[in-house]
Amino acid sequence: MQIITFMNCQKMILVTGACGQIGTELVKALRDKHGNQNVIATDIRDVTDTSDGPYFRLDVLDRGELQKLVSELNITHIYHLAAVLSANGEKNPIGAWDLNMQSLLNVLEVARIENLQQVFWPSSIAVFGPESPKELCGQYALTEPTTVYGISKAAGEHWCRYYHQQYGLDVRSLRYPGLISHSAQAGGGTTDYAVDIFHQAVNKGSYACYLKDDTRLPMLYMPDAVRATLELMDAPAEQLTIRSSYNLAGISFTPEQLAIGINAHLPDFTISYQPDKRQAIADSWPASIDDKQAAKDWGWAPAYDLQDMIADMLLHLDTHAHENFA
Ligand SMILES: NC(=O)c1ccc[n+]([C@@H]2O[C@H](COP(=O)([O-])OP(=O)(O)OC[C@H]3O[C@@H](n4cnc5c(N)ncnc54)[C@H](O)[C@@H]3O)[C@@H](O)[C@H]2O)c1
């Protein structure tokens, strides 16, 4: 009897898109929390090193394969991260729509059919558009995105709420801002510069930024993003008032402010500005986000400010190169 109770409480977690910028960090955090064997990493990429825990190659567009894995491995939770991001999405709009929408529908359907306990799916501040407020853009602000990525995220939010309302599926979501991390490269979004700049600063001492110096965008440091995800998933269901996706904020800054902050550590670092197509996407997004609903419902508060984030990024990236330029 005791064993059965234990088995029922055991979480078996499947992560899609696990090799990406977020998956790399989230899988580690989930394994620390739930045990390596209870977190199944999956991605369309071939991975040979599985020493940290189970890995399966899975194209999440193959619903039959997804359902088979979920059923055979007794999966209880899915974190669905596979997607095409904003800048890459514009290169192949129909492909981006197909992947982002069909994969979400596959996950929601499998979760419904297999009676899963929880699903996590990230939305994005890209659901907002030029008509949304620029400053402290609110939870219920107008969402009229101009990118196919934003359109797919806005539609995805409606689907998540629909599955919750119609089928009682416990699907939870965050509108991540641009995420900054040192473990994996950024995956083709408009805010990638805020990751690339650190690598170039450490390796080359200079960076050519594809956004204008004064382009202020909402960002979040990865440890905060991972913690937000775990906290949202742990929150009592009755406290959650948003079943589309929660606004989430951390730090808003411009490329110029980021460069000045890096200069405090690497005085020889230089930045130049060569705006490209991504500038139009950035211009369509809010500069800052109001996330008070997340604070109210499940106690969200970011820990890292701009200076803390810069110091931590440089510390992790390359202390030696850091010293050479300092
Ligand atoms: N990184 C950010 O700044 C950011 C901001 C807002 C929202 N998000 C969202 O968070 C999620 C994860 O983002 P990320 O930055 O880790 O993306 P990423 O591009 O770094 O990783 C996506 C992963 O999905 C995998 N993938 C692609 N097609 C697949 C398929 N058919 N089947 C299985 N896997 C497939 C890729 O191989 C890749 O490893 C996405 O939904 C993204 O929209 C990210």
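Two residues are in contact when they have heavy atoms within 4.5 Å of each other. The structure under discussion is a predicted model, in which local features need pLDDT of at least 70 and side-chain atom pairs count only at pLDDT 80 or more, while totals for chains, interfaces and linings use all residues. Residues are numbered from 1 along each chain as its sequence is written, and side-chain values use heavy atoms, with hydrogens and water left out.

A suitable starting point is Lys153, which is found in helix 6; helices (H or I, at least four residues) and strands (E, at least two) are DSSP runs, numbered from the N terminus. Apart from neighbours within four places in sequence, Lys153 is in contact with Ala83, Trp121, Pro122, Ser123, Ser124 and Val127. Lys153 is buried yet has no salt bridge, and the nearest side chain of opposite charge, that of Glu157, is 8.5 Å away. Here buried means under 20% relative accessible area, exposed over 50%, and partly exposed in between, with a 1.4 Å probe and protein chains only. As to charge, Lys and Arg count as positive and Asp and Glu as negative, whereas His and the chain ends are not counted. A salt bridge is a side-chain nitrogen of Lys or Arg within 4 Å of a carboxyl oxygen of Asp or Glu. The side chain of Lys153 does reach the backbone oxygen of Pro122, at 2.7 Å.

A second buried residue with a charged side chain is Asp297, in helix 11 (residues 292-298), with a relative accessibility of 6%. The side chain of Asp297 makes a polar contact with the side chain of Thr241 at 2.4 Å. A polar contact is a pair of N or O atoms within 3.5 Å; within protein, one must be able to donate a hydrogen and the other to accept it, and residues adjacent in sequence count only if both atoms are side-chain atoms. Not counting residues up to four places away in sequence, Asp297 touches Gln239, Leu240, Thr241, Ile242 and Tyr246.

Salt bridges number 13 in the structure. In one of them, Asp46 pairs with Arg57, the closest N and O atoms being 3.5 Å apart. Asp46 lies in the loop between strand 2 and strand 3 (55-57) and Arg57 in strand 3, so the pair ties together parts that are 11 residues apart in sequence. Asp46 is exposed, with a relative accessible area of 68%, while Arg57 is partly exposed at 49%.

Another salt bridge joins Arg243 and Asp170, with the closest N and O atoms 2.7 Å apart. This pair links distant parts of the chain, 73 residues apart: Arg243 is in the loop between helix 8 and strand 12 (246-247), and Asp170 is in the loop between helix 6 and strand 7 (171-172). Arg243 counts as buried at 10% relative accessibility, and Asp170 counts as buried at 14%. A further salt bridge, between Asp290 and Lys292, has its closest N and O atoms 2.8 Å apart. Of its partners, Asp290 is buried at 18%, whereas Lys292 is exposed at 56%. Salt bridges that share partners also join Asp170, Arg172 and Arg243 into one network.

The discussion now turns to empty space. On a 1 Å grid over the protein atoms alone, a cavity is a set of points where a 1.4 Å probe fits but cannot get out, and a pocket is an open set with protein on both sides within 12 Å along at least five of seven lines; lining residues have an atom within 4 Å of a point. Grid points are joined across faces, edges and corners, and a volume is the space filled by probe spheres set on the points. The largest pocket holds about 790 Å³ of space. Its lining consists of 41 residues, of which Gln21, Leu81, Ala83, Leu85 and Gly187 lie nearest the centre. Helix 2 gives the largest share of that lining, three residues.

A search of the whole structure finds one cavity of 30 Å³ or more. The largest cavity holds about 50 Å³, and its lining includes Lys11, His77 and Asp234. Helix 8 gives the largest share of this lining, three residues.

Finally, Asn74 has a positive phi of about 55° although it is not a glycine. Asn74 lies in the loop between helix 3 (63-72) and strand 4 (77-80).
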